[in-house]
Amino acid sequence: MTDENRKLLERINNYAENVLGEIDPQKTQVSVQLEKLKPIMEEIAAEKNMSLEDMFILYMDLQSEASCVTNQKLKDSLQDINDGFDGSSPLLFR
């Protein structure tokens, strides 16, 4: 992920923290979440001279990439913990 994309994702996520509040993302439809993010998406799309649709796609791609990196870091840290248990794996990660 480029620095520019990282800053863009951080900007959107900071906005999301304010507008989405305490909603449970697991129980709230993605379309509802994206609708609440629409103002910041429109702002960034205008700044970057791109369509709103392309901005949504870019956001979803960046969010997926960030999620994969976070997931791998968690998996690696759990592996380090598991390595300390003499071959038995008390923590499972799938």
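## Salt bridges and helix packing in a three-helix model

R11 forms a salt bridge with E47, and the closest nitrogen and oxygen atoms of this pair lie 2.7 Å apart. The two residues connect distant parts of the chain, since R11 belongs to helix α1 and E47 to helix α2, with their positions 36 residues apart in the numbering. R11 has a relative accessible area of 30% and is therefore classed as partly exposed. The R11–E47 pair does not stand alone, as R11, E43 and E47 are linked in a network of salt bridges.

All of this is read from a predicted model, and the values below are computed from its atoms.

### Overall architecture

The protein contains three helices and zero strands, and its elements follow the order α-α-α from the N terminus. Of its 94 residues, 20% are buried. The exposed surface amounts to about 7,000 Å², of which carbon and sulfur atoms supply 50%. When contacts in the protein are restricted to residues at least 6 apart in sequence, 48% of them join residues at least 24 apart.

### The salt bridges

A search of the whole structure finds four salt bridges, and three of the pairs are set out here with the N to O distance of each.

| Pair | N to O distance |
|---|---|
| D3 and R6 | 2.9 Å |
| K48 and E4 | 2.5 Å |
| R11 and E47 | 2.7 Å |

The pair of D3 and R6 is local: both residues lie in helix α1, which spans residues 3-20, and because they are three residues apart there, about one helical turn separates them. How exposed are D3 and R6? D3, at 54% relative accessibility, counts as exposed because the cut-off for that class is over 50%, whereas R6, at 40%, counts as partly exposed.

The side chains of K48 and E4 also meet in a salt bridge. This pair links distant parts of the chain, for K48 sits in the loop between α2 (30-47) and α3 (52-83), while E4 sits in helix α1, 44 residues apart from it. K48 is partly exposed, with a relative accessible area of 34%.

### The packing of α1 against α2

Helices α1 and α2 pack at an angle of about 145 degrees, and their axes are 10 Å apart; the crossing in which α1 passes α2 is right-handed. On the α1 side the contact is made by L8, R11, I12, Y15, A16, V19 and L20, and on the α2 side by Q33, K36, L37, P39, I40, M41, E43, I44 and E47. These residues divide into 11 nonpolar, one polar and four charged. The members of the salt-bridge network, R11, E43 and E47, are among the residues that make this helix contact.

### Q33 in the contact

Which residues does Q33 touch, once its neighbours within four places in sequence are left aside? They are L20, I23, P25 and T28. Q33 itself lies in helix α2, and L20, one of its partners, is listed on the α1 side of the helix contact. Is Q33 buried or exposed? Its relative accessibility is 15%, and since buried means under 20%, Q33 counts as buried. By contrast, R11, which also takes part in the contact of α1 with α2, is partly exposed at 30%.

Notes. Residues are numbered from 1 along each chain as its sequence is written. This is a predicted model: local features need pLDDT of at least 70, side-chain atom pairs count only at pLDDT 80 or more; totals for chains, interfaces and linings use all residues. Side-chain values use heavy atoms; hydrogens and water are left out. Helices (H or I, at least four residues) and strands (E, at least two) are DSSP runs, numbered from the N terminus. Buried means under 20% relative accessible area, exposed over 50%, partly exposed in between (1.4 Å probe, protein chains only). Axes are lines fitted to C-alpha atoms, for helices over the stretch in contact, and angles run from 0 to 180 degrees between N-to-C directions. A crossing is left-handed if the near helix is turned anticlockwise from the far one by less than a right angle, and right-handed if clockwise. Contact means heavy atoms within 4.5 Å. Ala, Val, Leu, Ile, Met, Phe, Trp, Tyr, Cys and Pro count as nonpolar, Asp, Glu, Lys and Arg as charged, and the others, Gly among them, as polar. Accessible areas come from the Shrake-Rupley method with a 1.4 Å probe; for residues, only the protein chains shown count as cover.
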